[in-house]
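Biologist: I have not seen this structure before. Could you take me through it and give the reasons behind the labels?

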Amino acid sequence: MVAIGTSTGKIILMGEHAVVYGQPAIAMPFSAVQIIAEVRKEGQALSVSCDFYQGMVHEIPKIWESLKHAIRFSLYRIGAPTDPAIHIEISSTIPAERGMGSSAAVAAAVARALFSFYGKRLSDEELWEIIQSSEKIAHGNPSGIDATTVTGSSPIFFIKNQPIEPLALSLDAYLVVADTGKTGNTLEAITDVAFLYRRCSEVEGWVKALGDLTYQARDYLAHNQAELLGQAMNQAQAYLQDLSVSDESLDQLVAIARDTGALGAKLTGGGRGGCMIALAKTKEAAEKIARALAGAGARQTWIQYLGEGHE
């Protein structure tokens, strides 16, 4: 018997860094990248293979403790043996450490595959708990954004310590995502913004402005106003540059996207590397932008339709 579990990546559309200070963020599932976990009966003990590790689960290095926890916690919730003779094979098209939710997506796919293998029902609440528990090991104090978006089908509007609000997505436009090829450093960026926040009186105003742009973006998504959303993305990028979380690699790709006809472009996630996003009105325009970004050195590019059906 073989069982499969899948999950998608995630993108933060608006609200990076400001969300730490009580402002809203908008995140969305990004189905152009995904994780697939396959469970099958094999061997004498519990083993796993993925891009960064192959071997027994009990020997997984501490740096990947969150993966071990996702497997063990899922088996515990299922009521299965702690060391069954099964093999878990994980394949991924989500680049690691780029702010696209790879660790949460791995936990989601593994949990779904294991519950399917044992014929057990996995509720949304239980899946969220398994992912969030794993994310606490990976990231310390996760917001819950990744756990919600990598398993869902709609964008979310998120304010810290408030209920997550699903958003309707029917924007007749395309999102281009490009990977700088540089590993982001979210913790370093957050620490530096906190230092600025304490030392520079202007920063509080920039953070509030980012929050206001996110509220506006929620309305633009609801009313199919792609041009206005693009303008809000451009304004957000300017504030993120002020906060020192953009860098040369991101700025270059953002400029190229705009020069190639993007309605708007900005970094996504923690910054200091990682990925950027650009908004395009048509599929042809999105493809042109993606080619230009690849030509400028982007490691990978992806395109996702934002209207109904998510082409």
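Biologist: Which residues does UniProt list for "domain: GHMP kinase C-terminal"?

Modeller: The unreviewed UniProt entry gives residues 218-296 for that domain. The model shown here is predicted. In it, residues 218-296 are 59% helix and 14% strand, with the end C-alpha atoms 31 Å apart.

Biologist: Why is the contact between Glu-188 and Arg-272 called a salt bridge?

Modeller: The label requires a side-chain nitrogen of Lys or Arg within 4 Å of a carboxyl oxygen of Asp or Glu. For Glu-188 and Arg-272 the N to O distance is 2.9 Å, and the pair is a salt bridge. Glu-188 lies in helix α5 (residues 186-199) and Arg-272 in the loop between β9 (264-268) and β10 (275-280), so the pair ties together parts that are 84 residues apart in sequence.

Biologist: What makes Arg-272 buried or exposed?

Modeller: Buried means under 20% relative accessible area. Arg-272 has 14% relative accessibility, so Arg-272 counts as buried. Its partner Glu-188 has 37%, so Glu-188 counts as partly exposed, a label for values between 20% and 50%.

Biologist: How do you know that Asp-212 and Lys-208 are separated by about one helical turn?

Modeller: Both belong to helix α6 (residues 203-222) and are 4 residues apart, which means a separation of about one helical turn. Their closest N and O atoms are 3.1 Å apart, and they form a salt bridge, the limit being 4 Å. Asp-212, at 30% relative accessibility, is partly exposed, and Lys-208, at 43%, is partly exposed too.

Biologist: Which residues are joined into one network by salt bridges that share partners?

Modeller: Glu-38, Arg-40, Glu-42 and Glu-89 are joined in this way. One of the links is between Arg-40 and Glu-38, at 2.9 Å from N to O. The whole structure has 13 salt bridges.

Biologist: What makes the nonpolar surface patch of about 230 Å²?

Modeller: Val-2, Ile-4 and Ile-36 make that patch. Ile-36 sits in strand β2 (residues 25-41). With a relative accessible area of 30%, Ile-36 is partly exposed.

Biologist: Which element gives the most to the lining of the second largest pocket?

Modeller: That element is α3, with 5 residues. The pocket holds about 170 Å³ of space. Its lining includes Arg-112, Asp-124, Trp-128 and Thr-151. The elements that give two or more residues to this lining are α3 (124-139) and α4 (145-149).

Methods. Residues numbered from 1 in each chain as written. Predicted model: local features only at pLDDT ≥ 70, side-chain atom pairs only at ≥ 80, totals over all residues. Heavy atoms only, no water. UniProt positions renumbered as here; feature names shortened; annotations may be inferred. Patch = residues over 30% accessible without salt bridge, like charges linked within 9 Å, V, L, I, M, F, W, Y side chains within 5 Å. Areas by Shrake-Rupley, 256 points an atom, 1.4 Å probe, with all protein chains shown as cover. Buried < 20%, exposed > 50% of the residue type's maximum accessible area, 1.4 Å probe, protein only. 1 Å grid on protein atoms, 1.4 Å probe; cavity = no way out; pocket = protein on both sides within 12 Å on 5 of 7 lines; lining within 4 Å. Points joined across faces, edges and corners; volume = space filled by probe spheres on them.
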